[in-house]
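These are my notes from a session spent looking up one residue and the charged pairs of this chain. I kept the entries in the order in which I made them.

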Amino acid sequence: MLVVSSLLSFAAVYQDVTQRGSVAWHPERRLKSNRMFSYFLSDAKRSLVFGEGQRNLLYQVDLDAEPQRAAPLPIDEILGVSAVAFDPVDQQIYYAEIHPGIIRRNFLNGTAKETVVNGIYFASRVEIDYIYRNIYFTDIIRNRLDVASLDGLYRKFILSEPGLESIALDLANG
């Protein structure tokens with residue numbers, strides 16, 4: 001499996017007025033912000049998960065389907081999504097919530113909601129290292145990058161730098 005996350009600025013999502021309640025996926029348009037995307041490939045499926053912070057929703061788009069429609073994930077009680085990542089090994093979505101400053105995970109069917117990291121002011125990026133089973137995240141208020149195991153244990157500060165916002169993991173080269 002291959003995971004490429006957060007760098008999909010060419011993509012856009014907009015309300016499709018012809019299909020009430022659905023969202024159409026249009027790669028040729030641009031979004032104002034691209035921090036809430038996670039694209040993943042598996043042997044069976046190409047998919048995109050993303051969050052819509054103002055509506056407190058998470059969506060999944062099956063990129064192999066025609067037409068490509070974003071389906072809301074059945075995850076309740078989300079409070080301001082600021083970042084999204086996907087673990088293809090356990091098939092779980094990780095998402096940062098602005099208030100109360102946490103990172104949670106769920107299965108795509110909405111079950112097993114669990115808070116894995118807390119005490120974050122504003123997580124602007126979340127990335128999953130599915131090989132070594134770690135989660136990396138930035139806190140743009142504190143200008144820092146942290147890492148923890150996927151269950152939230154063993155949290156460790158990595159670095160602090162003004163303007164720190166993005167993360168890129170090179171899983172192929174360690």
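**Entry 1: Ser 149**

I began by placing Ser 149, which lies in strand E14, residues 144–149. The model I am reading is predicted.

I then asked whether Ser 149 is buried or exposed. Its relative accessible area is 13%; I record Ser 149 as buried because that value falls under 20%.

Next I looked up what the side chain of Ser 149 meets. I found one of its polar atoms 2.7 Å from the backbone oxygen of Leu 153.

Setting aside residues up to four places away in sequence, I listed the contacts of Ser 149 as Arg 133, Asn 134, Ile 135 and Tyr 154. I followed Arg 133 from this list into the next entry.

**Entry 2: Arg 133 and Asp 90**

Which acidic side chain does Arg 133 meet in a salt bridge? I found Asp 90, with an N to O distance of 2.8 Å. The two residues are 43 apart, and the pair links distant parts of the chain. I located Arg 133 in the loop between strand E12 (123–129) and strand E13 (134–139). Asp 90 sits in the loop between strand E8 (81–87) and strand E9 (92–97).

I checked the accessibility of both partners. Arg 133 has a relative accessible area of 23% and Asp 90 one of 35%. I note both as partly exposed because these values lie between 20% and 50%.

I also noted that Arg 133 and Asp 90 belong to a network of salt bridges that includes Asp 87.

**Entry 3: Other salt bridges**

How many salt bridges does the count give? I recorded six, and I looked up two further pairs.

In one of them, the side chains of Arg 104 and Glu 97 meet at 3.3 Å, N to O. Arg 104 is buried, at 16% relative accessible area. Glu 97 is buried too, at 2%.

The other pair joins Arg 144 and Asp 146, at 2.8 Å from N to O. Here I entered Arg 144 as partly exposed, with a relative accessible area of 21%, whereas Asp 146 counts as buried at 2%. The value for Arg 144 is not under 20%, which is why I did not enter that residue as buried.

**Entry 4: Summary**

I close with the path followed. Ser 149 is buried and touches Arg 133; Arg 133 in turn forms a salt bridge with Asp 90.

Conventions. Residues numbered from 1 in each chain as written. Predicted model: local features only at pLDDT ≥ 70, side-chain atom pairs only at ≥ 80, totals over all residues. Heavy atoms only, no water. Helix = DSSP H or I, 4+ residues; strand = E, 2+ residues; numbered from the N terminus. Buried < 20%, exposed > 50% of the residue type's maximum accessible area, 1.4 Å probe, protein only. Polar contact = N/O pair within 3.5 Å; in protein donor to acceptor, adjacent residues only side chain to side chain. Contact = heavy atoms within 4.5 Å. Salt bridge = Lys/Arg side-chain N within 4 Å of Asp/Glu carboxyl O.
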